[in-house]
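User: Here is a structure I have not seen before. I would like to go through some of the terms used for it and hear what each one rests on.

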Amino acid sequence: MTEYNGRKLIPADSGKITYMGRIDFEDPARPEFYWAGSFAKMRFTGRNISTVICNHKFYNDMLLGIIIDGREDKISIEENEKDIALSLAENLDEGEHEITLFKRQDATHYFEFVGFLIDENAEALEPAPLPKRKIECFGDSVSAGAVVEAMDYAASCDPEGHNGIYDNAWHSYSNITARNLGAQLHDTAQGGIAIFDNTGYYHAPDCIGMESAYDKLCYFPESKKGVTAWDFTSYVPDVVIFAVGQNDPHKEGCEDNDITDPEYRLKWKKRYKEIILDLKSKYPNANFILLLTVLCHDPVWDEVIEEITCELNDEKITHFMFTRTGKATPGHPRLSEQYEMASELTAYISNMGDKIWE
């Protein structure tokens, strides 16, 4: 093992680290993390734990999430474009520990993961297996946990100039629901995304839509590799949550898209259904849940989702509405509202029975 100032590197490809999320393993020694909520986890001995990463920043302040022995923390990233060692925890009690390093934010940045650093006389332990149950969530900023930690702004607009410091995918309803149900999650969610390219807010002024992102590993062209395709056979979920539609009225520099216009309504529904049916062809046994979140929006969008569900006419494709869908807050849902959504969605999925996981 390589040493860093007396610390021992457990490399990314050591077999001692487990991963979750759409992560690029083209170079197993330097996997690249693109999507919010993706994580690396390791069990180890010793009193100190660090990580070595290479960060690539696009915008906003950078924070990585940490879960150490069940306690959550975060760490800021000050340097870019070179390998850096970041201390995650120090002076731990003697004995066994577990660290989870996760991507709090969406495409504000991506990073290459080199490995974990532990004490020279410590050991990496055999990893615990990931849950067998699998969920995937295709969504926008709410599903990615944007601005979730701005608790002083519950049920109100977002604070100005927050620069991503309140983003935390770990506390998105999708991640909470997966943990409630004992399932893995691929959180294929990006803030500002809509169905169509050139619509919504993500990657303005050349907006990238879910139609171009849902089947991608890296979905933004600014990475070293550019846009890359996702291998759908590498992760086959039992449940698919599809939560896109919040940002779709917006069109940069133009009048808003009008979903009440028959021509646009037909066009939007057609593309939405094409994505669902393509995913259905890749995940033929999965149960699909179509929804919008409690972030305020015109209820006509919920009506359109219901129309799509009826037109698809598949017992494994259902439309779910939260008690406060579209009514709870003009700003991003905070912790309380995310946990409210997760509680309701957990109950809905649980009521489907255990057979959905077989």
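Analyst: A starting point is Ala-155, which is placed in the loop between strand 13 and helix 1. The model is predicted.

User: What makes the phi of Ala-155 worth a remark?

Analyst: Its sign and the residue type. Phi of Ala-155 is near 60°, a positive value in a residue other than glycine. Another positive phi, near 50°, is that of Asp-69 in the hairpin of strand 8 and strand 9, where two residues lie between the strands.

User: How do you know that strand 8 and strand 9 pair?

Analyst: Pairing requires at least two bridges between two strands. Six bridges join strand 8 (residues 63-68) to strand 9, so the requirement of at least two is met. The two strands run antiparallel, and Ile-68 stands opposite Arg-71 of strand 9.

User: Which sheet do these strands belong to, and what is its strand order?

Analyst: They are part of an open sheet of five strands in the order 3-6-11-8-9, with antiparallel pairing. From one strand to the next, the twist averages 25°.

User: Why are strand 3 and strand 9 called edge strands?

Analyst: Strand 3 (17-20) and strand 9 (71-76) each pair on one side only. For strand 3, the partner is strand 6 (residues 39-45), joined to it antiparallel by four bridges. Thr-18 has Lys-41 in strand 6 as its bridge partner.

User: What makes the contact of Glu-149 with Lys-74 a salt bridge?

Analyst: The limit is 4 Å between a side-chain nitrogen of Lys or Arg and a carboxyl oxygen of Asp or Glu. The closest N and O atoms of Glu-149 and Lys-74 are 3.7 Å apart, so the pair is within 4 Å and counts. Glu-149 lies in the loop between strand 13 (133-139) and helix 1, and Lys-74 in strand 9, so the pair ties together parts that are 75 residues apart in sequence. A search of the whole structure finds 27 salt bridges.

User: What is the strand order of the sheet that holds strand 13, and which way does it pair?

Analyst: Five strands form this open sheet in the order 14-13-15-16-17, and the pairing is parallel. Its edge strands are strand 14 (183-189) and strand 17 (317-319), each of which pairs on one side only. Neighbouring strands are turned by 20° against each other on average, direction ignored.

User: How do you know that strand 16 and strand 17 pair?

Analyst: Three bridges join strand 16 (residues 287-290) to strand 17 in the parallel sense, so the minimum of two bridges is met. In one of these pairings, Phe-288 has Ile-317 in strand 17 as its bridge partner.

User: Which strands does helix 3 lie across, and at what angle does it run to strand 16?

Analyst: Helix 3 (residues 262-282) lies across strand 13, strand 15, strand 16 and strand 17, at about 160° to strand 16. Angles over 145 degrees count as roughly antiparallel, so that is the term for this one. Helix 1 lies across strand 13, strand 14 and strand 15 (239-243), and runs at about 170° to strand 14.

User: Why are helix 1 and helix 5 called oblique to each other?

Analyst: The axes of helix 1 (residues 173-180) and helix 5 (residues 335-350) come within 8 Å and cross at roughly 45°. Oblique covers what is left outside under 35, over 145 and 65 to 115 degrees, and helix 1 and helix 5 are therefore oblique. Their crossing is right-handed. The contact residues divide into seven nonpolar, four polar and one charged; among them are Tyr-173 and Ile-176 in helix 1 and Met-341 and Leu-345 in helix 5.

User: What makes helix 3 and helix 4 oblique as well?

Analyst: Their axes come within 10 Å and cross at roughly 55°, helix 4 being residues 300-312. Helix 3 and helix 4 are therefore oblique to each other. The crossing is right-handed. By class, their contact has eleven nonpolar, no polar and six charged residues, including Trp-268 and Lys-269 in helix 3 and Trp-301 and Glu-303 in helix 4.

User: What makes the peptide bond of Ala-204 and Pro-205 stand out?

Analyst: The bond is cis, with omega about 5°. Pro-205 is in the loop between strand 14 and helix 2 (210-213).

Note on methods. Residues numbered from 1 in each chain as written. Predicted model: local features only at pLDDT ≥ 70, side-chain atom pairs only at ≥ 80, totals over all residues. Heavy atoms only, no water. Axes fitted to C-alpha atoms, helices over the stretch in contact; angles between N-to-C directions. Left-handed = near helix turned anticlockwise from the far one by under 90°. Contact = heavy atoms within 4.5 Å. Nonpolar A, V, L, I, M, F, W, Y, C, P; charged D, E, K, R; others polar.
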